[in-house]
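Dear colleague,

Please find below the structure that I am handing over to you. I should be grateful if you would look through it before reading my notes.

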Amino acid sequence: MIVQAAPRILLLLGVGFLIANVRIGVEGIRFLKRRSSAILTWRGPKPRYYGMQLGLGVVLGLLLLFNAWRAYRLRQLTPQLFGVGMMFLYYGYAMPLSQRIGRGFYADGIWSESGFVPYWKIGAVSWREGPETALVIVSRLRNLARRLIVPGVHYAAARRLLRDKIAAHDIQLLRTGLELGAHDERDDV
C-alpha cells in the first residue's frame with residue numbers, strides 16, 4: 001500500500017516544489033531588474049542548515065540520475081522523476097541562488113528577508129536590537145510585518161538612509177491618535 005502511494009506522494013511534493021521554484025525564479029528576475037538601482041545592499045545570512053540543504057541537493061541529484069536511468073531502461077516515464085526533479089532543482093539551484101539576492105535598500109523599496117517592499121507600501125518601521133539587529137517593516141495595506149537583518153557595519157548607513165527616505169516623503173508613516181503638528185516623522189527612525 002505504501003509502495004503504491006509513494007509515486008503519488010512524490011508527484012504531490014513535485015507540485016509544491018514547482019510552486020516554490022517558480023516563486024524563487026520570479027524573485028530572481030525582479031532582483032536582476034532592480035540590481036542597478038541598489039543604494040545599500042548586502043548578502044543575506046545563510047540558513048541555519050545551509051550545508052545540509054546543499055548535501056540534500058547532491059543526494060537528490062544522484063537519485064534523479066538513478067530514476068532517469070531506471071525509467072530509460074524500463075521504457076516508461078514515472079511520476080517520481082517529476083517530484084525528485086523539482087526537489088533537486090529547489091535544493092540544488094533555486095535555494096542557493098536565492099541567497100545571492102541583495103538584501104537592503106533600492107531606489108524604489110527595501111528587499112527584506114521575505115521579499116521586496118516598495119516604499120509607498122511601508123506604513124511603519126521599527127528597529128529590533130539583539131543578537132542581530134533587524135529592521136521591522138509593517139505594510140500600510142495589510143497586517144503584515146517583514147524583517148530585514150542589518151549587519152552591524154551597515155547599521156548607521158541604513159538608519160541614515162531610512163531617515164532620508166522619510167524626510168523626502170518616499171516613506172509616509174501611518175499615525176494613530178491625536179496629532180498636534182509637533183511630531184517629526186524622521187524621529188521615528
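The notes that follow begin with the chain as a whole and then turn to a helix pair and to several individual residues.

Please bear in mind throughout that this is a predicted model.

Overall form

The protein chain contains 4 helices and 7 strands. Following the sequence from its start, you will meet these elements in the pattern α-β-α-α-β-β-β-β-β-β-α.

The C-alpha trace of the protein chain extends over about 75 × 30 × 30 Å along its principal axes. Its radius of gyration is 22 Å, whereas a compact globule of 189 residues would have a value near 16 Å.

Of the 189 residues in the protein chain, 37% are buried. The area that the protein chain exposes comes to about 12,100 Å², and carbon and sulfur atoms supply 60% of that area. As for contacts with a separation of 6 or more, 62% of those in the protein chain are between residues 24 or more positions apart.

The pair α2 and α3

Helix α2 covers residues 50–74 and helix α3 covers residues 79–98. The two pack at an angle of about 150°, and their axes lie 8 Å apart. The crossing in which α2 passes α3 is left-handed. The residues of this contact comprise 15 nonpolar, 7 polar and 1 charged.

Two residues of α2 may serve as examples. Is N67, a residue of helix α2, buried or exposed? N67 has a relative accessible area of 10%, so it counts as buried, the limit for that class being under 20%. Apart from neighbours within four places in sequence, N67 is in contact with Q80, L81 and V84.

A68 is also found in helix α2. With a relative accessible area of 35%, A68 is partly exposed. The C-alpha atoms of A68 and Y91 are separated by 18 Å, and the two residues are 23 residues apart along the chain.

Residues in loops and after the last helix

G44 is located in the loop that runs between β1 (38–43) and α2. Because its relative accessible area is 11%, G44 is classed as buried. Which residues does G44 touch, leaving aside its neighbours within four places in sequence? They are Q99, I101 and R103. R34 stands 10 residues from G44 along the chain, and the C-alpha atoms of this pair are separated by 16 Å.

W120 has its place in the loop between β4 (115–118) and β5 (122–128). Its relative accessibility is 54%, so W120 counts as exposed, a class that begins over 50%. W120 nevertheless has contacts beyond its neighbours within four places in sequence, namely with R140, L141 and D170. Between W120 and P131 the distance is 30 Å, C-alpha to C-alpha, at 11 residues apart in sequence.

Lastly, H169 belongs to the segment after α4 (155–167). What is the phi of H169? The angle is near 65°, which is a positive value in a residue other than glycine. By way of background, most residues other than glycine have a negative phi.

Points to locate in the display

- The crossing of α2 and α3, which is left-handed.
- N67, which is buried and has a relative accessible area of 10%.
- G44, in the loop between β1 and α2.
- W120, in the loop between β4 and β5.
- H169, with its positive phi near 65°.

Yours faithfully,
A colleague

Note on methods
Residues are numbered from 1 along each chain as its sequence is written. This is a predicted model: local features need pLDDT of at least 70, side-chain atom pairs count only at pLDDT 80 or more; totals for chains, interfaces and linings use all residues. Side-chain values use heavy atoms; hydrogens and water are left out. Axes are lines fitted to C-alpha atoms, for helices over the stretch in contact, and angles run from 0 to 180 degrees between N-to-C directions. A crossing is left-handed if the near helix is turned anticlockwise from the far one by less than a right angle, and right-handed if clockwise. Ala, Val, Leu, Ile, Met, Phe, Trp, Tyr, Cys and Pro count as nonpolar, Asp, Glu, Lys and Arg as charged, and the others, Gly among them, as polar. The radius of gyration is taken over C-alpha atoms; the globule rule is 2.2 Å times the number of residues to the power 0.38. Buried means under 20% relative accessible area, exposed over 50%, partly exposed in between (1.4 Å probe, protein chains only). Contact means heavy atoms within 4.5 Å. Accessible areas come from the Shrake-Rupley method with a 1.4 Å probe; for residues, only the protein chains shown count as cover.
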